[in-house]
Amino acid sequence: MSNAKRVECDLGGRKLVFETGVLANQAHGSVTVQLGDSMVLATATMNLKPKDFVAWFPLTVDFEEKFYAAGKIKGSRFIKREGRPSDNAILVSRMIDRPMRPLFPKGMTNDVQLIVSSLSADMVTPPDAIGITASSTALMLSGIPFEGPVSGVRIGYVALEEGGEEQLVINPTYEQIEKGRLNLMVAGKKDAITMVEAGCNEVTEEVLLQALEMAHVEIKKLCELQEKFAAEVGVTPKEPSFMKKNEAAETAVDAIITREMLDGIKGVGKKEIKVKFDELEEKLFTTYAEQLEAEEYSKGDLAEILNDRFEVVMRDNILNKEERIDGRKLDEIRPIEIQLDLLPRPHGSALFQRGETQSLTITTLGAPGAAQIIDTMDTDIVKRYLHHYNFPPYSVGECKFLRGPSRRDIGHGDLGERSLVPMLPSKEDFPYTIMCVSEIVTCNGSSSMAAVCGSTLSLMAAGVPIKKPVAGIAMGLIVKDKANASAGYKILTDIQGMEDFAGDMDFKVTGTRDGINALQMDIKAKGLSIDIMREALQKAQEARFFLLDEMAKVIPAPRTELSQYAPLIITIQIHPDQIREVIGKGGETIQKITGECGVEMDIEDSGLVMITAPDQESGQRAYEWVNKITYIPKAGEEFDGEVVKIMDFGAFVQFLPGKDGLVHISELEHHRVEKVEDVVKLGDKVKVKLMEVDGQGRYNLSRKALLPRPERSAGPPKGDRPGGPRPGGPKPGGPRPPAGPPPAAPPPSPAAPAHDPSDPAGPPLA
């Protein structure tokens, strides 16, 4: 198209292409960004009729997974329209939102909406990194006030060759992310990092810092490309609207509230601080009752200004006096309390309390079939570990409608999940589906990190053999100049609620003693340097080790026994070729086992059979049943069998589940048998011995081999036998029994799996 403009660059050895002027031209800013065969469309629009008042900046960000992008149709049989976003789409939306939000002008009241749609997915690299870059580019082209550009880059840590050394990789593929020990997403500006999100497997702080530096080199290049692109396109700035300051209310507050009063708002507990704050609010409302009645300003105006003045004083006390509102040192962690087994019936429970924040985490163990199957745009995922985080309104003393998990709840749950997945036992060692639910019953900051600690304790209390305990800590930051964090700052360990709201960073770090498992950083400043992040990581490590020590005092290792209420799971490894025997025709066999034993069964393609039973007896019955089905019998072994078919030449006996063999008429008794029914009938229980497995896998059985041989009589005197004495005298042991058919005469028995007892034609003859 004539209006189309494009630029391109190299990213990790692949071409990255920006194009505008083709799609979505009614949006204030639109761009497609393509990497390989993956393409996203990002649009930015601003409401030109602003609101008069907003409690926070009205930015909405949505990432839309489109199944058609990967050539897929939504899996549900009944609902094909793509509606409610998946958890993954919500997490990507949050990932785009977090580095963008701090870069809009403070006090702006215009609604801004970013929509990022995946149009094509090549299944090589995830689309979220280019989604961040595309969103920033759309904003840069829109003219909406924005202190960008921002770019996103993913870094992996993987051995590129079998047995080779691990190395950092820019823009890793899905396969490299899966095999590697680091999945790091970094967003930033040309001069600073603004957002970090990582899932790791005990990666060291030094490796993470190297990865951050590598990412920032690429981020600078992408930001410069965005600036060049915007200059080529030509952008008309849009005029935003801002909330008007009520100068009369500010003057009124400053006339009554002194620095000493604000310094007095301190206390260990949230309620204690709130009481002191409410006293100052009431003083203002009482003093200015006439002005409030005359509507010169509102109670909300006075309360908001009072809160602003308090935050300024709190930040100043931390920066210049190293005084926190609860009296702690900058690197001091609030008191820790831990209780196990609060709940009698769940399989595991633990209460982790840090200061006033409480996380009650409950562990539930289920059958392998209870794993969650997630139908996403790119790949279908089976999750055997789930971590849900719930933040009810009563935890902060509020009344709100319960409307399901918020985006924040989903994000915190995912952070906890990433923290613990690397430490879970393998499915072969512990085949259970594991679910942890963290109920934040009281909150005064750092609840997501309390949930990680609580989940570790709950898992160990439930007897889940995790490899190592995991702990998490939230770090904070107060800077003198938000535009230049390095000009003066203080790092806070274990931030509480007010320090989070009024501070400039929320930096969450989880891990073991040997490395980091997850990382998440959000900032309100304009960006952070690598040096500040290095210091924050070091202090977080010290705090993490302290927490692990406190947790080990209560439960040093996972319990060796599961709860009496947990289901029993027994595993059997069979040959993959035997799976069809366990399942049976049309599922008949497996349904019979599960129905009669009262168990659940899951079978993987590898031949791993997992039996989930309510008790030992049921599980053992099913285990023995499967063992019999998959047992490979050997010649010479004896079995208890049942006659399942009578033929003229013998009887077919089922001696193992699904395995029938032929007892030829000559193998029923030591003497000659005229008719099979003279010895056995349909349904009779008989003992048999496996004589051979022939070349076609058919089982030849014998009944007479397990019967005592009849005693032979001495016979008549010599010379009295009909026909006279034989030359050389009689053979020892008396006369021979009546001769049966010669040994070569019996027809071979059919293979057990192919035998159909209802077939009147009988077995095929050799």
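This passage describes a five-stranded sheet, a pair of crossing helices and several salt bridges in a predicted model.

The sheet is open, and its five strands follow the order 11-12-13-17-16 with mixed pairing. Strand 11 (336–340) and strand 16 (385–390) stand at the edges, and because each has a single partner strand, one side of each is left without a neighbour in the sheet. On average, and with direction ignored, neighbouring strands of this sheet are turned by 15° against each other. Within the sheet, strand 12 (residues 348–354) and strand 13 (residues 357–366) run antiparallel and are joined by seven bridges, and Ser349 stands opposite Ile362 in strand 13. Helix 11 (residues 447–461) lies across strand 11, strand 12, strand 13, strand 16 and strand 17 (433–442), and this helix runs at about 145° to strand 12.

A second arrangement involves helix 1 (residues 87–100) and helix 10 (residues 407–420), whose axes come within 10 Å and cross at roughly 100°. Since angles of 65 to 115 degrees count as roughly perpendicular, helix 1 is roughly perpendicular to helix 10. At the contact, Asp87, Ile90, Leu91, Ser93 and Arg94 in helix 1 meet Arg407, Arg408, Ile410, Gly411 and Asp414 in helix 10. Sorted by class, this contact of helix 1 with helix 10 holds three nonpolar, two polar and five charged residues.

Side chains of opposite charge can pair when their charged atoms come close. In this model the count comes to 46 salt bridges. One of them joins the side chains of Asp128 and Arg154, with an N to O distance of 2.7 Å. This pair links distant parts of the chain, with Asp128 in helix 2 (residues 128–142) and Arg154 in strand 7 (residues 151–159), 26 residues apart, and both Asp128 and Arg154 are buried.

Another salt bridge is formed by the side chains of Arg259 and Asp316, at 2.9 Å from N to O. Because Arg259 lies in helix 6 (residues 259–263) and Asp316 in helix 9 (residues 299–321), the pair ties together parts that are 57 residues apart in sequence. Arg259 counts as partly exposed, at 32% relative accessibility, and Asp316 is likewise partly exposed, with a relative accessible area of 26%.

A further salt bridge connects Asp694 with Arg698, the closest N and O atoms being 3.0 Å apart, and here both Asp694 and Arg698 are buried. Elsewhere, salt bridges that share partners join Arg324, Asp326, Arg328, Arg334, Arg354, Asp494 and Glu499 into one network.

Note on methods. Residues numbered from 1 in each chain as written. Predicted model: local features only at pLDDT ≥ 70, side-chain atom pairs only at ≥ 80, totals over all residues. Heavy atoms only, no water. Pairing = 2+ DSSP bridges. Helix = DSSP H or I, 4+ residues; strand = E, 2+ residues; numbered from the N terminus. Axes fitted to C-alpha atoms, helices over the stretch in contact; angles between N-to-C directions. Contact = heavy atoms within 4.5 Å. Parallel < 35°, antiparallel > 145°, perpendicular 65-115°, else oblique. Nonpolar A, V, L, I, M, F, W, Y, C, P; charged D, E, K, R; others polar. Salt bridge = Lys/Arg side-chain N within 4 Å of Asp/Glu carboxyl O. Buried < 20%, exposed > 50% of the residue type's maximum accessible area, 1.4 Å probe, protein only.
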